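The report that follows describes selected parts of one structure, beginning with a single side-chain contact and going on to strands and cores.

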Amino acid sequence: SAKSLIQKLMTNDIDSMQDNQALYTLMCLENGGVVDDLLVHRFSEDHYFLCVNAANTDKDFEWILKNAGSYDATIQNTSLETAQFAVQGKNSEALLQKLCETSLNEIKYYHFKKVKIHNFECIIARTGYTGEDGFEIYIDAGHAEPVFRAILDGGKDFNLQPIGLGARDTLRMEMGYALYGNEINEESKPLEAGLGWVIKLGKDDFIGKTELEKQKHAGNSRKLVGIRLLDRGVLRPHYRILKNGGPVGEVTSGTFSPSLNTGIGLCYVSSEYAKPGTQLEVEIRKLNVPAEVVKPPFLPTRVKKN
(Lines give C-alpha, C1' and ligand atoms only; values in the text may rest on other atoms or scores of the structure.)
Protein backbone atom coordinates (compact mmCIF):
# COMPACT_ATOMS: atom_id res chain seq x y z
CA SER A 1 0.00 0.00 0.00
CA ALA A 2 0.98 3.65 -0.34
CA LYS A 3 1.05 3.99 3.45
CA SER A 4 3.44 1.04 3.90
CA LEU A 5 5.76 2.38 1.20
CA ILE A 6 5.89 5.87 2.74
CA GLN A 7 6.46 4.40 6.20
CA LYS A 8 9.41 2.43 4.79
CA LEU A 9 10.89 5.50 3.04
CA MET A 10 10.45 8.08 5.81
CA THR A 11 12.29 8.50 9.11
CA ASN A 12 9.26 10.08 10.80
CA ASP A 13 6.24 7.99 11.80
CA ILE A 14 3.27 8.57 9.48
CA ASP A 15 1.14 6.01 11.32
CA SER A 16 -0.56 8.55 13.58
CA MET A 17 -1.29 11.04 10.77
CA GLN A 18 -4.91 12.12 10.28
CA ASP A 19 -6.50 13.12 6.98
CA ASN A 20 -5.56 16.68 5.94
CA GLN A 21 -2.47 16.66 8.15
CA ALA A 22 1.11 17.42 7.05
CA LEU A 23 4.31 15.99 8.53
CA TYR A 24 7.94 17.08 8.19
CA THR A 25 10.32 14.16 7.64
CA LEU A 26 13.53 12.93 6.04
CA MET A 27 14.19 10.24 3.45
CA CYS A 28 17.52 8.58 4.18
CA LEU A 29 19.95 6.25 2.44
CA GLU A 30 20.88 2.93 4.06
CA ASN A 31 24.04 4.68 5.37
CA GLY A 32 21.94 7.33 7.14
CA GLY A 33 22.77 10.10 4.65
CA VAL A 34 19.85 12.32 3.66
CA VAL A 35 18.18 11.86 0.25
CA ASP A 36 15.91 14.84 1.01
CA ASP A 37 13.84 16.58 3.66
CA LEU A 38 10.20 16.95 2.71
CA LEU A 39 6.58 17.31 3.77
CA VAL A 40 4.11 14.41 3.61
CA HIS A 41 0.45 15.45 3.21
CA ARG A 42 -2.20 12.81 3.93
CA PHE A 43 -5.45 12.96 1.92
CA SER A 44 -6.56 9.53 3.16
CA GLU A 45 -5.17 6.25 4.52
CA ASP A 46 -3.94 5.38 1.04
CA HIS A 47 -3.46 8.73 -0.73
CA TYR A 48 -0.51 11.02 0.03
CA PHE A 49 1.10 14.07 -1.54
CA LEU A 50 4.82 14.73 -1.06
CA CYS A 51 6.33 18.22 -1.31
CA VAL A 52 10.07 17.82 -1.92
CA ASN A 53 12.87 20.29 -2.60
CA ALA A 54 12.47 21.36 -6.23
CA ALA A 55 16.15 20.76 -7.06
CA ASN A 56 15.78 17.14 -5.85
CA THR A 57 12.56 16.31 -7.71
CA ASP A 58 14.00 13.82 -10.22
CA LYS A 59 16.41 12.23 -7.75
CA ASP A 60 13.64 11.78 -5.15
CA PHE A 61 11.20 10.33 -7.68
CA GLU A 62 13.81 7.79 -8.84
CA TRP A 63 14.61 6.87 -5.21
CA ILE A 64 10.92 6.27 -4.44
CA LEU A 65 10.43 4.19 -7.61
CA LYS A 66 13.57 2.18 -6.85
CA ASN A 67 12.19 1.22 -3.42
CA ALA A 68 8.56 0.72 -4.46
CA GLY A 69 9.00 -2.66 -6.11
CA SER A 70 7.13 -4.90 -3.68
CA TYR A 71 4.49 -2.32 -2.68
CA ASP A 72 1.11 -2.04 -4.36
CA ALA A 73 1.23 1.72 -4.89
CA THR A 74 0.84 4.12 -7.81
CA ILE A 75 3.46 6.88 -7.85
CA GLN A 76 3.11 10.03 -9.95
CA ASN A 77 5.48 12.96 -10.42
CA THR A 78 3.18 15.96 -10.91
CA SER A 79 5.90 18.60 -10.42
CA LEU A 80 5.76 20.05 -13.92
CA GLU A 81 1.97 20.50 -13.78
CA THR A 82 2.02 22.07 -10.31
CA ALA A 83 2.89 25.60 -9.20
CA GLN A 84 3.44 26.69 -5.60
CA PHE A 85 3.18 30.10 -3.93
CA ALA A 86 3.98 30.77 -0.29
CA VAL A 87 2.08 33.68 1.24
CA GLN A 88 3.84 34.37 4.54
CA GLY A 89 3.47 36.84 7.39
CA LYS A 90 1.05 38.01 10.04
CA ASN A 91 -1.50 39.27 7.47
CA SER A 92 -1.46 36.14 5.28
CA GLU A 93 -4.78 34.78 6.55
CA ALA A 94 -6.62 38.10 6.20
CA LEU A 95 -5.23 38.60 2.70
CA LEU A 96 -6.05 35.13 1.34
CA GLN A 97 -9.46 35.07 3.02
CA LYS A 98 -10.52 37.81 0.57
CA LEU A 99 -9.95 35.32 -2.29
CA CYS A 100 -11.28 32.18 -0.62
CA GLU A 101 -14.79 31.17 0.53
CA THR A 102 -13.55 28.45 2.89
CA SER A 103 -12.69 29.74 6.37
CA LEU A 104 -8.90 29.62 6.50
CA ASN A 105 -9.00 29.85 10.28
CA GLU A 106 -10.11 26.19 10.18
CA ILE A 107 -6.75 25.15 8.72
CA LYS A 108 -4.54 24.45 11.73
CA TYR A 109 -0.74 24.58 11.78
CA TYR A 110 0.70 21.63 9.77
CA HIS A 111 -2.67 20.91 8.17
CA PHE A 112 -4.06 21.54 4.68
CA LYS A 113 -7.31 21.64 2.75
CA LYS A 114 -8.61 21.51 -0.83
CA VAL A 115 -10.20 24.91 -1.46
CA LYS A 116 -10.85 27.41 -4.24
CA ILE A 117 -8.72 30.54 -4.48
CA HIS A 118 -9.95 33.16 -6.95
CA ASN A 119 -12.34 30.40 -8.17
CA PHE A 120 -9.53 27.98 -9.04
CA GLU A 121 -9.19 24.67 -7.20
CA CYS A 122 -6.01 24.29 -5.19
CA ILE A 123 -4.50 22.84 -2.02
CA ILE A 124 -3.72 25.28 0.79
CA ALA A 125 -1.31 24.14 3.52
CA ARG A 126 -0.19 25.93 6.68
CA THR A 127 3.38 24.75 7.20
CA GLY A 128 5.49 27.93 6.73
CA TYR A 129 9.25 27.38 6.89
CA THR A 130 9.77 31.07 7.68
CA GLY A 131 8.97 31.51 11.37
CA GLU A 132 5.83 33.47 10.52
CA ASP A 133 2.27 32.27 10.08
CA GLY A 134 1.55 31.60 6.42
CA PHE A 135 0.12 29.42 3.69
CA GLU A 136 1.45 27.38 0.79
CA ILE A 137 -0.79 27.22 -2.28
CA TYR A 138 -0.40 24.26 -4.66
CA ILE A 139 -2.23 24.86 -7.93
CA ASP A 140 -2.41 23.69 -11.53
CA ALA A 141 0.46 25.48 -13.28
CA GLY A 142 -1.94 26.67 -16.00
CA HIS A 143 -3.86 28.70 -13.39
CA ALA A 144 -0.79 30.06 -11.62
CA GLU A 145 -0.62 33.45 -13.30
CA PRO A 146 -4.20 34.68 -12.68
CA VAL A 147 -4.05 33.49 -9.06
CA PHE A 148 -0.64 35.12 -8.52
CA ARG A 149 -1.98 38.40 -9.90
CA ALA A 150 -5.12 38.15 -7.74
CA ILE A 151 -2.97 37.61 -4.64
CA LEU A 152 -0.78 40.60 -5.50
CA ASP A 153 -3.86 42.71 -6.13
CA GLY A 154 -5.52 41.60 -2.89
CA GLY A 155 -2.29 42.25 -1.02
CA LYS A 156 -2.06 45.96 -1.83
CA ASP A 157 -3.88 46.83 1.43
CA PHE A 158 -1.25 44.82 3.35
CA ASN A 159 1.85 46.11 1.54
CA LEU A 160 2.44 42.63 0.09
CA GLN A 161 5.74 42.25 -1.78
CA PRO A 162 6.71 39.51 -4.25
CA ILE A 163 10.01 38.10 -3.04
CA GLY A 164 12.25 35.21 -3.98
CA LEU A 165 14.45 32.54 -2.47
CA GLY A 166 16.99 35.02 -1.08
CA ALA A 167 14.45 36.36 1.42
CA ARG A 168 13.18 32.86 2.20
CA ASP A 169 16.81 31.97 2.95
CA THR A 170 17.34 34.76 5.52
CA LEU A 171 14.04 33.83 7.18
CA ARG A 172 14.82 30.12 7.53
CA MET A 173 18.32 30.95 8.82
CA GLU A 174 16.88 33.25 11.49
CA MET A 175 14.77 30.23 12.52
CA GLY A 176 17.77 27.88 12.42
CA TYR A 177 16.11 25.60 9.84
CA ALA A 178 18.33 23.28 7.82
CA LEU A 179 18.42 23.65 4.02
CA TYR A 180 19.12 20.66 1.80
CA GLY A 181 22.50 21.03 0.08
CA ASN A 182 23.84 23.22 2.90
CA GLU A 183 23.25 21.63 6.31
CA ILE A 184 22.09 18.21 5.10
CA ASN A 185 23.02 16.06 2.10
CA GLU A 186 23.75 12.45 1.22
CA GLU A 187 27.01 12.54 3.20
CA SER A 188 25.66 14.22 6.36
CA LYS A 189 24.51 12.69 9.64
CA PRO A 190 21.03 14.03 10.42
CA LEU A 191 21.44 13.50 14.18
CA GLU A 192 24.37 15.96 14.11
CA ALA A 193 22.04 18.42 12.37
CA GLY A 194 19.61 18.30 15.31
CA LEU A 195 17.00 16.39 13.30
CA GLY A 196 16.56 13.55 15.78
CA TRP A 197 13.00 14.80 16.43
CA VAL A 198 11.94 13.58 12.95
CA ILE A 199 13.79 10.25 13.23
CA LYS A 200 11.51 7.77 15.02
CA LEU A 201 13.79 4.84 15.84
CA GLY A 202 10.93 3.17 17.74
CA LYS A 203 8.89 2.50 14.60
CA ASP A 204 9.17 -0.55 12.33
CA ASP A 205 12.05 -0.81 9.91
CA PHE A 206 12.71 2.12 7.61
CA ILE A 207 15.57 2.79 5.20
CA GLY A 208 18.61 3.94 7.20
CA LYS A 209 17.27 2.85 10.60
CA THR A 210 20.11 0.44 11.47
CA GLU A 211 22.84 2.97 10.70
CA LEU A 212 21.02 5.82 12.47
CA GLU A 213 20.64 3.64 15.59
CA LYS A 214 24.42 3.06 15.52
CA GLN A 215 25.06 6.79 15.15
CA LYS A 216 22.76 7.60 18.07
CA HIS A 217 24.55 5.06 20.25
CA ALA A 218 27.98 6.46 19.26
CA GLY A 219 26.98 10.08 19.99
CA ASN A 220 27.77 13.21 17.98
CA SER A 221 31.34 14.41 17.59
CA ARG A 222 30.03 17.63 16.04
CA LYS A 223 26.78 19.57 16.15
CA LEU A 224 24.91 22.06 14.00
CA VAL A 225 24.57 25.36 15.86
CA GLY A 226 23.64 28.96 15.19
CA ILE A 227 26.43 31.54 15.18
CA ARG A 228 26.25 35.32 15.45
CA LEU A 229 29.06 37.73 14.59
CA LEU A 230 30.02 40.18 17.35
CA ASP A 231 31.74 42.51 14.85
CA ARG A 232 30.87 43.67 11.35
CA GLY A 233 30.89 41.05 8.62
CA VAL A 234 28.79 38.59 6.63
CA LEU A 235 29.03 34.82 7.01
CA ARG A 236 29.26 32.58 3.95
CA PRO A 237 29.34 28.78 3.51
CA HIS A 238 32.72 27.07 4.07
CA TYR A 239 34.19 29.87 6.22
CA ARG A 240 36.28 28.25 8.95
CA ILE A 241 35.22 28.45 12.61
CA LEU A 242 38.18 28.90 14.97
CA LYS A 243 38.84 28.64 18.71
CA ASN A 244 42.06 30.32 19.83
CA GLY A 245 43.21 30.31 16.20
CA GLY A 246 42.64 26.57 15.63
CA PRO A 247 39.85 25.22 13.35
CA VAL A 248 36.86 23.67 15.19
CA GLY A 249 34.17 23.82 12.50
CA GLU A 250 32.78 25.26 9.28
CA VAL A 251 29.90 27.53 8.27
CA THR A 252 27.17 25.79 6.23
CA SER A 253 24.83 28.78 5.67
CA GLY A 254 25.42 32.46 6.30
CA THR A 255 23.74 35.79 5.71
CA PHE A 256 23.31 39.30 7.02
CA SER A 257 20.16 39.21 9.13
CA PRO A 258 17.96 42.19 8.21
CA SER A 259 15.99 41.73 11.45
CA LEU A 260 19.02 41.60 13.76
CA ASN A 261 21.29 43.90 11.73
CA THR A 262 24.21 41.52 12.14
CA GLY A 263 25.89 38.56 10.44
CA ILE A 264 24.37 35.19 11.38
CA GLY A 265 24.70 31.64 10.15
CA LEU A 266 24.53 27.93 10.81
CA CYS A 267 27.67 25.88 11.26
CA TYR A 268 28.96 22.52 12.37
CA VAL A 269 31.34 22.73 15.32
CA SER A 270 33.02 20.14 17.54
CA SER A 271 30.48 19.17 20.22
CA GLU A 272 32.59 20.66 23.04
CA TYR A 273 32.10 24.13 21.50
CA ALA A 274 28.35 23.77 20.77
CA LYS A 275 27.03 25.33 24.00
CA PRO A 276 25.12 28.62 23.53
CA GLY A 277 27.28 31.60 24.52
CA THR A 278 30.56 29.90 23.57
CA GLN A 279 32.97 32.51 22.18
CA LEU A 280 34.53 31.56 18.82
CA GLU A 281 35.99 33.31 15.77
CA VAL A 282 35.15 33.10 12.08
CA GLU A 283 37.89 33.44 9.48
CA ILE A 284 36.65 36.06 7.00
CA ARG A 285 39.20 37.10 4.36
CA LYS A 286 42.18 36.49 6.66
CA LEU A 287 40.52 38.32 9.56
CA ASN A 288 39.44 36.39 12.65
CA VAL A 289 36.06 37.96 13.52
CA PRO A 290 34.69 37.28 17.03
CA ALA A 291 31.41 35.37 17.18
CA GLU A 292 29.23 33.51 19.65
CA VAL A 293 27.19 30.32 19.52
CA VAL A 294 23.42 30.91 19.61
CA LYS A 295 20.63 28.38 20.08
CA PRO A 296 18.18 29.06 17.21
CA PRO A 297 15.77 30.59 16.57
CA PHE A 298 17.67 33.88 16.51
CA LEU A 299 14.29 35.64 16.74
CA PRO A 300 11.09 34.70 18.57
CA THR A 301 8.86 32.60 16.32
CA ARG A 302 5.50 34.01 15.29
CA VAL A 303 3.75 30.90 14.00
CA LYS A 304 0.03 30.40 14.70
CA LYS A 305 -0.02 27.06 16.54
CA ASN A 306 -3.68 26.21 17.05
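## A loop residue and its surroundings

A polar atom of the side chain of N12 lies 2.8 Å from the backbone oxygen of Y24, where a polar contact is a pair of N or O atoms within 3.5 Å, one able to donate a hydrogen and the other to accept it within protein, and residues adjacent in sequence count only if both atoms are side-chain atoms. The model is predicted, so that local features need pLDDT of at least 70 and side-chain atom pairs count only at pLDDT 80 or more, while totals for chains, interfaces and linings use all residues. Residues are numbered from 1 along each chain as its sequence is written, and side-chain values use heavy atoms, with hydrogens and water left out.

N12 belongs to the loop between helix 1 and strand 1, helices (H or I, at least four residues) and strands (E, at least two) being DSSP runs numbered from the N terminus. With a relative accessible area of 5%, N12 is buried (buried means under 20%, exposed over 50%, partly exposed in between, with a 1.4 Å probe and protein chains only). Apart from neighbours within four places in sequence, N12 is in contact (heavy atoms within 4.5 Å) with residues including Q7, L23, T25, V198 and K203.

## Strand pairing

Strands 1, 2 and 3 form an open sheet in the order 1-2-3 with antiparallel pairing, two strands being paired if DSSP finds at least two bridges between them. Strand 1 (21-28) and strand 3 (47-51) stand at the edges with a single partner strand each, so one side of each is left without a neighbour in the sheet. Further along the chain, R285 takes a positive phi near 45 degrees in the hairpin of strand 12 and strand 13, which has two residues between the strands.

| Antiparallel pair | Bridges | One bridge pair |
|---|---|---|
| Strand 1 and strand 2 (residues 34-44) | eight bridges | M27 and D36 |
| Strand 9 (residues 240-243) and strand 12 (residues 279-284) | two bridges | L242 and E281 |
| Strand 12 and strand 13 (residues 287-294) | six bridges | E283 and N288 |

## Nonpolar cores

The largest nonpolar core (buried Ala, Val, Leu, Ile, Met, Phe, Trp, Tyr and Cys residues joined through side-chain atoms within 4.5 Å) has 29 residues, and Y24, L26, I184, L195 and I199 have the most contacts inside it. Strand 1 gives the most to this core, with four residues. Not counting residues up to four places away in sequence, I184 touches L26, V34, D37, A178, L179, A193 and L195. A second, separate core of 20 residues includes L99, V115, I124 and A144.
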